[in-house]
Amino acid sequence: MNRPHPTFQPILHTTEFPHAKEQHGFALNMLQSLVIPTFVIDIDGKVILWNAACERLTGVLAREVLGTDNHWQAFYEERRPTLADLVIEGSRRPVDADASLESQNWCEMPRVGRRCFLAADASPIRDASGKLLAVVETLRDVTDEKRAQIALEQLATRDGLTGLANRRCFDDTLHAEWQRALRQQQPLSLLMVDVDNFKQYNDAYGHLGGDECLQRIATAVANEMRTNDLVARYGGEEFAVILPNQSLKGAAIVAERIRCRVEQLHLPNLGSQPHVVTVSIGAATALPSHDTEPSQLVATADSALYRAKHMGRNRISLPNTDLPGKA
Ligand SMILES: Nc1nc2c(ncn2[C@@H]2O[C@H](COP(=O)(O)OP(=O)(O)OP(=O)(O)O)[C@@H](O)[C@H]2O)c(=O)[nH]1
């Protein structure tokens, strides 16, 4: 059973150099007063230093963990190795013996009751003969920077109104999926989804009502998709759906599911037939080659969408074939 040390006691032992022990003691005292959260564990994984900055960061006091291997409790709800423990583990494998480790990850920080994104570095401390004595881990709380980065990424890739991927993200994803389909010689399908008579909807329910309608449709479409598919707001009242490794037949099935789902929302649009909000969908599929481009897939799906509108809306259309709609 682990018992907390009553006081801080450096327990490094060296015999090779007469001054080595004092040097280690001095080094540990330096770490103790460092403003960077720092802790040190010995080769048995027991804490031999837990400085004041580490106490402030984790809410765990030195006297609670010194001499124990309970330091994980400062960071996680359940026992798991800290970076310093991984360095000790690695030192037992010849290939990793000299490795320092660094990582950045979310920690639960149970004692302070808030998740933190911590940047950690763990390095071995060795004596003059190279024998591992301990591992020092330093920590930096970079939660604010991480949150700012996530928010920026969201801004760069998400549509503000619907929360779907934005046009830029669509373009990037289409390009990446095209390259992947080319490498793997798989089909790539695309749906262009356009709200029918949306001008009338805006006229009848106002622009804010129109915004809400677009949000409802976006959620309905997104809920129909698998995780590898991408639903994006292509622009205005038009959405695009990328379906990797999907045949035209499969794409037609997905398109019909989306069409039905939107119709079943029963959002009233009294100015149009059949008095509820509907969508028209154009589908296209390509087997990418070096002579073709993603823009051709978009153009083909767009033409199919145009035909669906021309045929009376609330229907799906495929290249060269028009499936019967429900209008
Ligand atoms: N509320 C709202 N309206 C938008 C938004 N983006 C585009 N619109 C409106 O969508 C309408 C699109 O009108 P049109 O291009 O004539 O198309 P439509 O009325 O849907 O007709 P069809 O597509 O032919 O069925 C316009 O009135 C735009 O102002 C938006 O973000 N919010």
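**From a hairpin turn to the whole fold**

β7 and β8 form a hairpin, and 2 residues lie between the two strands. In the turn sits G236, with a positive phi of about 45°. This is a predicted model, and the hairpin is a good place to enter it. β7 covers residues 230-235 and β8 covers residues 238-244. The two strands pair in the antiparallel sense over 5 bridges. One pair can be picked out by eye: L230 has I242 in β8 as its bridge partner. β7 is largely enclosed by the rest of the structure, because 5 of its 6 residues are buried.

G236 also leads to the ligand. Among the 16 residues around the ligand, those that come nearest are D196, F198, K199, G210 and G236. So the turn residue of the hairpin is also on that list of five. The helix α7, residues 198-223, supplies at least two residues of the shell, and β6, residues 188-195, does likewise. α7 gives the most, with 7 residues. By class, the shell holds 7 charged, 5 polar and 4 nonpolar residues.

Follow β6 back toward the N terminus. Q185 lies in the loop between α6, residues 167-184, and β6. Its phi is near 50°, a positive value in a residue other than glycine. Is Q185 buried or exposed? Q185 counts as exposed, because it has 9 C-beta neighbours inside 10 Å.

N314 makes a useful companion. N314 is not a glycine, yet it has a positive phi of about 45°. N314 sits in the loop between α9, residues 294-310, and β10, residues 316-318. N314 is buried, because 24 other C-beta atoms lie within 10 Å.

Now turn to the open sheet. It is formed by 5 strands in the order β2-β1-β5-β4-β3, with antiparallel pairing. The edge strands are β2, residues 47-50, and β3, residues 101-107, and each pairs on one side only. Neighbouring strands of this sheet are turned by 20° against each other on average, direction ignored. Strands of a sheet pair through backbone hydrogen bonds.

Walk across the sheet from β1. β1, residues 38-42, and β5, residues 132-141, pair in the antiparallel sense over 5 bridges. F39 stands opposite E137 in β5. The next pairing is β5 with β4, antiparallel over 9 bridges. Here P124 stands opposite V135 in β5. β4 and β5 also form a hairpin, with 5 residues between them. G130 in that turn has a positive phi of about 90°. Then comes the edge: 7 bridges join β3 to β4, and the two run antiparallel.

One residue ties several of these strands together. D121 lies in β4, which spans residues 116-126. E102 stands opposite D121. What does D121 touch, not counting residues up to four places away in sequence? D121 touches S100, E102, E137 and T138. E137 is the residue that F39 stands opposite. The C-alpha atoms of D121 and S103 are separated by 6.7 Å, although the two residues are 18 apart along the chain. D121 is partly exposed, because 17 other C-beta atoms lie within 10 Å.

Step back to the whole chain. The protein chain has 9 helices and 11 strands. Buried residues make up 34% of its 327 residues. Among contacts with a separation of 6 or more, 56% join residues 24 or more positions apart.

How far can the model be read? The protein chain averages a pLDDT of 89, and 88% of the residues score at least 70. Over residues 1-18 the pLDDT is below 50. That stretch has 33 contacts in the model beyond near neighbours in sequence. Residues 322-327 also have a pLDDT below 50, with 18 such contacts. Where pLDDT is low, the predicted coordinates should not be read in detail. The model scores ipTM 0.96 and pTM 0.67.

Terms used: Residues are numbered from 1 along each chain as its sequence is written. This is a predicted model: local features need pLDDT of at least 70, side-chain atom pairs count only at pLDDT 80 or more; totals for chains, interfaces and linings use all residues. pLDDT is the predictor's confidence in each residue, from 0 to 100. Two residues are in contact if their C-beta atoms, placed from the backbone, lie within 7 Å. Helices (H or I, at least four residues) and strands (E, at least two) are DSSP runs, numbered from the N terminus. A residue is buried if 20 or more other C-beta atoms lie within 10 Å of its own, exposed if 12 or fewer, and partly exposed in between; C-beta atoms are placed from the backbone. A residue is near a molecule or strand if its C-beta atom, placed from the backbone, lies within 6 Å of it. Ala, Val, Leu, Ile, Met, Phe, Trp, Tyr, Cys and Pro count as nonpolar, Asp, Glu, Lys and Arg as charged, and the others, Gly among them, as polar. Two strands pair if DSSP finds at least two bridges between them. Axes are lines fitted to C-alpha atoms, for helices over the stretch in contact, and angles run from 0 to 180 degrees between N-to-C directions.
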